[in-house]
Every structure is written in C-alpha cells, then in structure tokens.
Amino acid sequence: MQVNSLKFSGHESFHCRPFWLKKGFDFVKTNQVFNDYAGIELGVGKNMVASIRFWLKSFDIVDNNDQLTELANKLFTDDGWDPFIEDEATLWLLHFNLCAKNYSSIYHLIFSELRKVRPEFTKNHFMSQVHEIESKQSENIVGKDFTVFTRTYFGKPSKDKEESFSGLFTELNLLTELGTDNNNNHLYHISNSKQDKIPWQVILYCIVENDNYSNSISFSSLFTDENGVGKLFAFSQDGLESKLMEISENTKDVVYKNDAGVKELQFKNKTPNGLEILNSYYAK
C-alpha cells in the first residue's frame with residue numbers, strides 16, 4: 001500500500017448509521033449537492049453532512065465527483081434490489097466495497113494486513129502498524145478511526161439513548177471482542193470461518209470486479225491476495241473452496257478445478273458480468 005493512499009479522517013467521528021446510505025443516495029439522485037444548505041434537506045447537522053458524504057464514497061455509492069455508481073443505482077433506487085438494506089447479502093457487498101475500495105484505509109489495513117500478523121489485536125497494535133507505514137499520521141485521528149471501526153462492526157444496546165448504537169455490520173459477526181490484554185486494552189479478533197451465509201453470487205461478483213484477475217485464477221490468489229475474497233470475507237480455506245465449488249455448480253461458464261493439487265477458478269468463454277450475477281440473486 002502506498003503511503004499517500006492512507007486516509008483516517010472524513011467521518012467526523014460518526015460511524016455510518018444504517019439509514020444514511022439510502023438517505024444520501026436519494027439526496028444525490030435528486031441532483032442536490034453537498035453545500036452549506038445540504039443539512040436542511042438531509043435533516044442533520046453540518047458535521048453529519050460531511051460524514052454522510054464520506055460514507056457514500058467509502059462504500060462506493062458515489063465516485064470522487066459525487067456521481068452515483070452503477071451498483072448504487074441498482075441497489076438503492078426505490079424499486080431497486082435492496083434500497084433499505086434488508087438482505088444480509090447487501091451488507092456483505094458493502095463490507096467488501098469498504099475494504100477493497102480503500103477510501104477509508106483502516107478497513108483494508110485490518111482485514112487484509114493486521115490480522116495476518118496479529119490474529120488478536122488491540123487499538124495500540126493497529127496504531128503501531130500505521131506508524132510503521134507513515135509515522136506522521138496523527139495518533140488522535142487514527143485512534144478515533146479505530147473507535148469508528150469497532151462501532152461499525154459492533155452494536156451496543158443501552159437504556160441511555162446517547163450510549164446506545166447499532167453498527168451497520170453488527171449482524172455479520174466478523175469482529176469479536178475477546179476481553180482485555182495484560183495492559184487492560186480491549187482485545188479483538190477476526191476469525192476465518194466457512195461464511196456459509198454469503199451467497200455465491202456475491203462472491204463471484206467480487207471476483208469478476210477485480211481487474212487484476214484473468215480468465216484463470218488460482219485458489220491461492222483468491223485466498224491470499226490483499227483484495228481477494230479470502231482475506232476480506234475472512235474465509236477459512238475449506239469455506240472458500242466450498243463457495244467456489246458452489247459457483248461452478250450453478251454457473252455453466254465458470255469451472256472450479258482441482259487437478260493434481262492445482263486449484264483454480266476458470267471462466268470458459270468470457271468473464272461473467274458482475275451486475276448480471278447480482279441481478280440473478282436479487283431477482284429471487
């Protein structure tokens with residue numbers, strides 16, 4: 001990862017609320033712009049306007065010019081695939097985009113890099129990792145980003161509404177809090193698992209959208225590449241292999257081969273269209 005790609009601010013210390021993506025999508029869809037008056041239309045304060053815009057970019061709902069992406073239009077129009085994020089498959093898609101797009105660096109760093117060397121990690125471990133890459137990063141900003149990260153993957157019910165929050169990805173159960181270490185720091189873990197709940201269509205979409213892949217992709221690449229589905233979805237090896245076999249069984253032009261110990265996914269004629277793959281799932 002290049003140093004100048006690191007970004008640890010922009011969310012104004014707000015984790016993404018579940019309804020913000022639809023709200024932000026509708027705002028942009030009606031050709032409105034993120035100016036000083038945007039908060040009136042969105043019904044939030046100035047800092048939350050900036051945060052909503054940040055999250056739209058982080059999840060690839062809009063591009064760097066605040067233009068809606070094709071996937072966003074398919075998902076979030078009122079008659080779209082899942083405008084109110086009621087299907088867990090949409091959460092997995094958004095999680096993958098958040099990590100792979102790398103607009104907000106912490107998600108890629110933790111899922112692709114940190115847990116590779118630190119299966120169990122604390123905020124201090126993450127801050128040390130960042131410091132090794134770019135020593136000039138503000139500890140205060142990076143520390144706040146870690147708090148937003150944990151709130152994104154956790155939920156905290158409370159009788160006090162100010163203390164209660166619901167993380168967008170709570171139900172994915174990707175992040176586990178193990179307790180504290182010897183220095184009383186919160187200890188976290190992301191374990192590899194079979195990830196049975198992820199639809200094979202989501203996995204195939206994420207594979208074909210990776211421009212680094214050709215018509216033949218080794219299992220090792222899918223499992224270990226920094227933007228591979230293996231790392232970003234926290235697959236176990238047998239879990240990923242099961243999904244690749246499921247893809248092969250359900251898609252006539254995609255074959256998963258395991259010959260003489262050589263494992264690879266092959267596209268027989270042409271690479272499938274990613275949005276058509278997702279449409280086949282959401283059409284159900």
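**Group meeting: a walk through the predicted model**

Let's start with a cysteine: Cys 99 is buried, and its relative accessible area is 0%. Before I go on, keep in mind that this is a predicted model, so everything I quote today is computed from it.

Staying with the cysteines, how many disulfides are there? The count comes to 0. Cys 99 is in no disulfide, and the nearest cysteine sulfur to it, the one in Cys 206, sits 10 Å away. What about Cys 16? The closest cysteine sulfur to that of Cys 16 is in Cys 99, at 14 Å, and that is too far for a bond; the cut-off for a disulfide is 2.5 Å between the sulfurs. Cys 16 counts as buried as well, with 2% relative accessibility.

OK, zooming out to the whole chain. We have 13 helices and 8 strands. The radius of gyration is 19 Å, close to the 19 Å that the globule rule gives for 284 residues, so the chain is as compact as a globular protein of that length. If you want a box, the C-alpha atoms fill one of roughly 55 × 50 × 40 Å along the principal axes. Of the 284 residues, 49% are buried. The accessible surface comes to about 14400 Å², and carbon and sulfur atoms own 43% of that.

For the contact-map people: take the contacts with a separation of 6 or more, and 63% of them are between residues 24 or more positions apart.

Now a helix I'd like you to click on, H7, residues 123-133. Which of its residues are buried? Phe 126, Met 127, Gln 129 and Val 130. They cover an arc of only 155 degrees around the axis, and that puts them on the same side of H7. And what does that set pack against? Helix H6, residues 105-117, and helix H8, residues 139-153. Have a look at the start of H7 too: there, a side-chain oxygen of Thr 122 comes to within 3.3 Å of the backbone nitrogen of Asn 124.

Next, backbone angles. As a reminder, most residues other than glycine have a negative phi. Two residues to look up here are Asp 60 and Asn 102. Asp 60 has a phi near 65 degrees, which is positive, and it is not a glycine. You'll find Asp 60 in the loop between helix H3, residues 46-58, and helix H4, residues 70-76. At 26% relative accessibility, Asp 60 counts as partly exposed.

Asn 102 also isn't a glycine, and it has a positive phi of about 65 degrees. Its loop runs between helix H5, residues 88-101, and H6. Is Asn 102 buried or exposed? Buried, with a relative accessible area of 16%; the cut-off for buried is under 20%.

A few more loop residues before I stop. Thr 77 lies in the loop between H4 and H5, and it's buried, at 18% relative accessible area. The side chain of Thr 77 reaches the backbone oxygen of Asn 73 at 3.2 Å. Which residues does Thr 77 touch, leaving aside neighbours within four places in sequence? Lys 22, Phe 25, Lys 29, Ala 72 and Pro 83.

Then there's Gln 32, in the loop between helix H1, residues 20-29, and helix H2, residues 38-42. Gln 32 is partly exposed, at 28% relative accessibility. Its side chain makes a polar contact with the side chain of Thr 30, at 2.9 Å. Setting aside neighbours within four places in sequence, Gln 32 is in contact with Phe 27 and Glu 41.

Last stop, Gly 261. This one is in the loop between strand E7, residues 254-259, and strand E8, residues 262-267. Gly 261 is exposed, with 63% relative accessible area. How far is its C-alpha atom from that of Asn 65? The two are separated by 46 Å, and the residues are 196 apart along the chain.

So, to recap the bits I'd load up in the viewer: Cys 99, buried at 0%; H7, with its buried residues on the same side; and the positive phi values at Asp 60 and Asn 102. That's me done.

How values were computed:
Residues are numbered from 1 along each chain as its sequence is written. This is a predicted model: local features need pLDDT of at least 70, side-chain atom pairs count only at pLDDT 80 or more; totals for chains, interfaces and linings use all residues. Side-chain values use heavy atoms; hydrogens and water are left out. Buried means under 20% relative accessible area, exposed over 50%, partly exposed in between (1.4 Å probe, protein chains only). Helices (H or I, at least four residues) and strands (E, at least two) are DSSP runs, numbered from the N terminus. The arc is that of the directions from the helix axis to the C-beta atoms. Contact means heavy atoms within 4.5 Å. A polar contact is a pair of N or O atoms within 3.5 Å; within protein, one must be able to donate a hydrogen and the other to accept it, and residues adjacent in sequence count only if both atoms are side-chain atoms. The radius of gyration is taken over C-alpha atoms; the globule rule is 2.2 Å times the number of residues to the power 0.38. Accessible areas come from the Shrake-Rupley method with a 1.4 Å probe; for residues, only the protein chains shown count as cover.
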